[in-house]
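Trainee: Please take one part of this model and go through it closely. I want numbers, and I want the cut-offs behind the terms.

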Amino acid sequence: MTQHITLSLDHITKVFGDTQETKVEAIRDITIEFRRGESALILGPSGSGKTTLLSMMGGLLRPTSGKIFLNGKEFSSLREAELSPYRLRYFGFIFQEFNLLSNLTALENIELVVRMSGLKGELAREKSKSLLELAGLSRRASHFPSQLSGGEKQRVAIMRALSNNPPIVLADEPTGNLDSEVGNVITQILSGIACRENRTVVIVSHDERIKKVVDRIIYVQDGKITKEEKGEHDKDNKEAHNHYLTF
Ligand SMILES: Nc1ncnc2c1ncn2[C@@H]1O[C@H](COP(=O)(O)OP(=O)(O)O)[C@@H](O)[C@H]1O
Ligand SMILES: [Mg+2]
């Protein structure tokens, strides 16, 4: 069984602030596991601790107490110097505000991360181009973020997150400011990745539409998991998954 477990959180808490007045218990005793090939939606109102939880899962933020394991190895207590190569190898992050660098083109934004994973020169350029093509954005390669629509920016951000082939993709409100059609495409891309490429995808959102494309729905409130449901994701729905390659 254990070899199927990807990411495991064991009694995680996070407290912000160091005085009684400023203290916020953002995450209170969360224990959960995510397996390879699984897609999950963490659903909860604003302020319920979703971003905090996702940041700890990806090693961007340390828990106050509790441990996080990846394939049985604890990484939540690693020093920063050991943690950053770990993050690069195992995690792809898709953030709410796209986090594209404004002075780099769409292609360069992707290439930056491709180079960080070790590819150099022409190889890095070629890989970045093929990722842009996969996102249907070849004709936007030399556009800067300010010249791209919200949906295009988000597609660049997704491809950038996937460029180092991370086994785990963490997305924070990926459909945040997008209209519903673009939002649907984005969520289908993400669930397709989990299903076809056997990666783990965890999406954090308050967008109920995402329920349709994930395997698990985890509800959080006040820093706690209040319930879990099976998602409405139909693994045999080829049409939704092919979207990723053709849109
Ligand atoms: N760096 C921080 N310092 C202090 N409080 C924080 C910090 N980050 C988040 N919080 C608090 O923790 C709680 C959970 O925040 P967050 O994880 O961003 O929620 P969500 O993503 O669900 O909206 C909120 O009350 C928020 O104000
Ligand atoms: Mg948030």
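Mentor: I start with one helix pair, then work outward to its surroundings and the backbone. The model is predicted, so local features need pLDDT of at least 70 and side-chain atom pairs pLDDT 80 or more, while totals for chains, interfaces and linings use all residues. Residues are numbered from 1 along each chain as written, chains are lettered from A and ligands numbered from 1 in written order, and side-chain values use heavy atoms, without hydrogens or water.

The pair is helix α3, residues 106–116, and helix α5, residues 150–162. Helices here are DSSP runs (H or I, at least four residues), strands are E runs of at least two, and both are numbered from the N terminus. The two axes lie 8 Å apart, at an angle of about 20°. Axes are lines fitted to C-alpha atoms, for helices over the stretch in contact, with angles from 0 to 180 degrees between N-to-C directions. α3 and α5 therefore count as roughly parallel (angles under 35 degrees; over 145 is roughly antiparallel, 65 to 115 roughly perpendicular, the rest oblique). The crossing is right-handed, that is, the near helix is turned clockwise from the far one by less than a right angle.

Now look at the surface of α3. Leu-112 sits in this helix. Its relative accessibility is 38%, so Leu-112 counts as partly exposed (buried is under 20% relative accessible area, exposed over 50%, partly exposed in between, with a 1.4 Å probe and protein chains only). Leu-112 joins Leu-101 and Met-116 in a nonpolar surface patch, with about 270 Å² of accessible area together. Patch members have over 30% relative accessible area and no salt bridge; nonpolar side chains (Val, Leu, Ile, Met, Phe, Trp, Tyr) are joined within 5 Å, like charges within 9 Å. Areas come from the Shrake-Rupley method with a 1.4 Å probe, and for residues only the protein chains shown count as cover.

Turn to α5. Glu-152 forms a salt bridge with Arg-140, with the closest N and O atoms 3.0 Å apart. The pair links distant parts of the chain: Glu-152 is in α5, Arg-140 in the loop between α4 (121–134) and α5, 12 residues apart. A salt bridge puts a side-chain nitrogen of Lys or Arg within 4 Å of a carboxyl oxygen of Asp or Glu. Glu-152 is buried at 13% relative accessibility. Arg-140 is partly exposed at 27%.

By that rule the count is 11 salt bridges. Arg-209 and Asp-207 form one of them, at 2.5 Å between the closest N and O atoms. Here Arg-209 is partly exposed, at 29%, and Asp-207 is buried, at 12%. Arg-79 pairs with Glu-82 at 3.8 Å. Arg-79 is exposed at 56%, and Glu-82 is partly exposed at 36%. Glu-38, Arg-216 and Glu-228 are linked in a salt-bridge network.

For contrast, take helix α1, residues 50–57. Seven of its eight residues are buried, so α1 is largely enclosed by the rest of the structure. Lys-50 is among the buried ones.

Last, the backbone. Most residues other than glycine have a negative phi. Glu-173 has a positive phi near 50° and is not a glycine. It lies in the loop between β7 (168–172) and α6 (180–196), and is buried at 8%. Asp-29 has a positive phi of about 55°. It belongs to strand β2, residues 24–35, and is partly exposed at 46%.
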